[in-house]
Amino acid sequence: MDHLKPLLTFTQKQQTNLGFGLIALLTVGSEHVFSVFAFSCPCNDWNFIYGNVCLLVPALALLILSYMLSNKTWKLFTGLCLRKRKLFRFNYAFGFLCVFLQISVTAMVAPLSWIAVALLKGVYFECAMTGANVTLFRSHLCNDKYPHCRTELVQFPCDGTSVPKSERVAVLSIIRAESQVLGWILIASVMMVTFLLTCVARCHSPISYMQLKFWRMYSQKESELLHSYTAQHAEKLAKRNLTSFFELTKPTPMKSPPKKAWEKISSFYKF
């Protein structure tokens, strides 16, 4: 067991990064399975809509699911409608937006992973752009070398058409290359924005680096102990009420935190 302690310590320290990596890997695997077994370009006027839906709608679904599965989302929004007056105060509204931005950064991992991997593979973008009825794009893509490109472009993603294979491969390779360029630009942009946001957040931090590190450790331990204490207190309260019910006696007094204390412990730090 002692040999596993360094591994457990490393896992605890890097649990956020490992969590992000696991989410990204699961998203990549889901995208691969969908593109292989479910995706089939219609090769007609639906190409543009079908390709964009397969590229963007799953990302939107993953974004909503990430918000729904985050405890921080419900911690932030629970009781918000009863605190409407506070929302009009600048400090409270600014703090709310800062916390929501932190939640959004985490929630964007899965949808951006889906879009980036899909663009690098190029299948959805290829299907969508062969159905794009944009004169400027078609004039850029098609030239005198590809006579079937302007009139039969929607048929290019599918095999068994009258279009020569060499022409199909040449045109589709251009679209796929553009898709991969967009994918790498998206990855680089996300990394740059994340780096800049982290720098800005650290620059405006009211505490030092070591104190922030200590605060994160404390916050994690406090959350674990709070869950344990809450479960124990709930069990004692349930036993007291059931004993009082079945024995037809008055419940013995038990101390519980007041509503204001629960609201205070449910609030977020803004840094």
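**Stop 1: a nonpolar surface patch**

Select Trp 46, Phe 48, Ile 49, Val 53 and Val 57 in this predicted model. These residues make up a nonpolar patch on the surface, and their accessible area together is about 480 Å². Keep Val 53 highlighted, as the next stop begins from that residue. Val 53 has a relative accessible area of 39% and is therefore partly exposed, since that class lies between 20% and 50%.

**Stop 2: helix H3**

Extend the selection to residues 47-69, which form helix H3, the helix that contains Val 53. H3 consists of 23 residues. From the first C-alpha to the last, H3 reaches 33 Å, close to the 33 Å expected at 1.5 Å a residue. Where does H3 bend? The bend is at Val 53 and amounts to about 30°. Val 53 thus serves as a landmark twice, belonging to the surface patch and marking the bend of H3.

Next, colour the buried residues of H3: Asn 47, Gly 51, Cys 54, Leu 55, Pro 58, Ala 59, Leu 63 and Tyr 67. Two of these, Cys 54 and Leu 55, follow Val 53 in the sequence numbering.

**Stop 3: the loop before H3**

Move back along the chain to Cys 43, in the loop between helix H2 (15-37) and H3. Inspect the backbone here: Cys 43 has a positive phi of about 55°, although this residue is not a glycine. Most residues other than glycine have a negative phi. Is Cys 43 buried or exposed? With a relative accessible area of 6%, Cys 43 is buried.

**Stop 4: aromatic rings**

The structure holds eight aromatic pairs. Select Phe 77 and Phe 96 to see one of them. The ring centres are 5.6 Å apart and the planes stand at 85°, so this pair is edge-to-face. Phe 77 belongs to helix H4 (residues 71-77) and Phe 96 to helix H6 (residues 90-107); the two residues are 19 residues apart, and their pair links distant parts of the chain. Phe 77 is partly exposed at 34% relative accessibility, whereas Phe 96 is buried at 14%.

Leave Phe 96 selected and add Phe 100. These two rings form a stacked pair, with 6.4 Å from centre to centre and 0° between the planes. Both residues lie in helix H6, four residues apart, which is about one turn of the helix. In an α-helix there are 3.6 residues a turn, so residues three or four places apart point the same way. Phe 100 counts as partly exposed, at 28% relative accessibility.

For a further group of rings, select Phe 39, Tyr 50, Trp 114 and Tyr 124. Ring pairs link these four residues into a cluster.

**Stop 5: salt bridges**

How many salt bridges does the structure hold? There are two. For one of them, display the side chains of Arg 176 and Glu 126, which meet at 2.7 Å, N to O. Arg 176 lies in helix H11 (residues 165-203) and Glu 126 in helix H8 (residues 123-130), so the pair ties together parts that are 50 residues apart in sequence. Arg 176 is partly exposed, with a relative accessible area of 32%. Glu 126, by contrast, counts as buried at 8%.

Then select Lys 239 and Glu 235, whose closest N and O atoms are 3.4 Å apart in a salt bridge. Both residues lie in helix H12 (residues 209-247), four residues apart, and about one helical turn separates them. Glu 235 is partly exposed, with a relative accessible area of 45%.

**Stop 6: the loop after H12**

Continue to Leu 248, located in the loop between H12 and helix H13 (259-265). Its phi is near 55°, a positive value in a residue other than glycine. Leu 248 counts as exposed at 76% relative accessibility, while Cys 43, visited at the third stop, is buried.

**Stop 7: the whole chain**

Finally, clear the selection and show the entire chain as a cartoon. What secondary structure is present? The chain has 13 helices and zero strands. The chain comprises 271 residues, of which 25% count as buried.

Notes: This is a predicted model: local features need pLDDT of at least 70, side-chain atom pairs count only at pLDDT 80 or more; totals for chains, interfaces and linings use all residues. Side-chain values use heavy atoms; hydrogens and water are left out. Patches are made of residues with over 30% relative accessible area and no salt bridge: like charges are joined within 9 Å, nonpolar side chains (Val, Leu, Ile, Met, Phe, Trp, Tyr) within 5 Å. Accessible areas come from the Shrake-Rupley method with a 1.4 Å probe; for residues, only the protein chains shown count as cover. A salt bridge is a side-chain nitrogen of Lys or Arg within 4 Å of a carboxyl oxygen of Asp or Glu. Buried means under 20% relative accessible area, exposed over 50%, partly exposed in between (1.4 Å probe, protein chains only). The expected span of a helix is 1.5 Å times one less than its number of residues. The bend at a residue is the angle between axes fitted to the seven residues ending there and the seven starting there. Rings of Phe, Tyr and Trp (its six-membered ring) pair if their centres lie within 6.5 Å; planes under 30 degrees apart count as stacked, over 60 as edge-to-face and the rest as tilted.
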